[in-house]
Amino acid sequence: MSEVHEGGCLCGVVRYRARSPALRTLVCHCHFCQKMTGSTSYAESMFPVDAVEFTGQLSIYDHKSESSEKAVHVHFCAKCGTTVTLTFERWPEYRAISRGTFDAPDWVPIGSHIWTESAQTGVILPADTDCFRHARAKLDGTPVAPTRYSAHVEARNAVPSAAGAD
């Protein structure tokens with residue numbers, strides 16, 4: 001039996017079924033994600049683009065990434081405004097699902113925090129979790145080494161170690 005996770009928007013007009021395990025789940029603290037959510041960050045679970053099916057109508061807002069200059073497609077419910085999913089010009093094979101839209105959002109643990117350099121005051125990075133000052137990879141696809149803290153730390157006070165500096 002395959003893994004299935006369901007969810008939808010706030011008003012219920014848009015629903016989805018993710019028919020695979022998440023490839024990863026992370027929290028992004030970049031300024032775009034802060035603006036998009038109106039909050040401190042955006043939590044997403046990443047899937048192969050064809051592993052998620054939708055019912056209902058999604059509207060799309062295209063945003064040009066400041067770092068890659070590629071489009072980030074924000075898919076949201078036109079009725080209630082919930083951001084349900086993101087797709088990416090840079091990675092057309094992947095789809096991010098907004099973690100808070102899952103019917104059971106805690107089914108997958110958060111594996112990393114990215115763009116911690118722009119985290120808002122008061123944001124706490126958890127101990128023993130991969131943290132990246134910027135993205136998980138450079139623009140050419142080269143992975144970046146994460147920083148892990150032995151105790152919870154406020155993002156604004158986090159100092160990367162020499163071995164894990166990104």
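Student: How far apart are the mean positions of the positive and negative charges of the protein, and what counts as a charge here?

Tutor: In this predicted model, the mean positions of the 16 positive and 18 negative charges are 2 Å apart. Lys and Arg count as positive and Asp and Glu as negative, while His and the chain ends are left uncounted.

Student: What makes the protein as compact as a globular protein of that length?

Tutor: The secondary structure comes to one helix and 13 strands, and from the N terminus on the elements run β-β-β-α-β-β-β-β-β-β-β-β-β-β. The globule rule, 2.2 Å times the number of residues to the power 0.38, gives 15 Å for 166 residues, and the radius of gyration is 16 Å, close to that value, so the protein is as compact as a globular protein of that length. Along its principal axes, the C-alpha trace spans about 50 × 35 × 30 Å.

Student: Why is strand β3 called largely enclosed by the rest of the structure?

Tutor: A residue is buried if its relative accessible area is under 20%. Four of the five residues of β3 (residues 24-28) are buried, and therefore the strand is described as largely enclosed by the rest of the structure. For the protein as a whole, buried residues make up 42% of the 166 residues.

Student: How do you know that β3 pairs with β4, and in which sense?

Tutor: Two strands pair if DSSP finds at least two bridges between them; β3 and β4 have five bridges, in the antiparallel sense, so the criterion of at least two is met. Within this pairing, T25 stands opposite S45 in β4. With strand β10 (residues 112-114), β3 pairs in the parallel sense over three bridges, and the bridge partner of C28 in β10 is I114.

Student: With which strand does β4 pair over five bridges, apart from β3, and what stands opposite E44?

Tutor: Strand β4 (residues 42-48) pairs with strand β9 (residues 94-98) in the antiparallel sense, over five bridges, and E44 stands opposite S98 in β9.

Student: Why are β6 and β12 called edge strands?

Tutor: Eight strands form an open sheet in the order β6-β7-β8-β9-β4-β3-β10-β12, with mixed pairing. Of these, β6 (58-64) and β12 (130-131) each pair on one side only, and they are the edge strands.

Student: What share of the contacts with a separation of 6 or more comes from residues 24 or more positions apart?

Tutor: Such residues account for 50% of those contacts, a contact being heavy atoms within 4.5 Å.

Conventions:
Residues numbered from 1 in each chain as written. Predicted model: local features only at pLDDT ≥ 70, side-chain atom pairs only at ≥ 80, totals over all residues. Heavy atoms only, no water. Helix = DSSP H or I, 4+ residues; strand = E, 2+ residues; numbered from the N terminus. Buried < 20%, exposed > 50% of the residue type's maximum accessible area, 1.4 Å probe, protein only. Charge placed at Lys NZ, Arg CZ, Asp CG, Glu CD.
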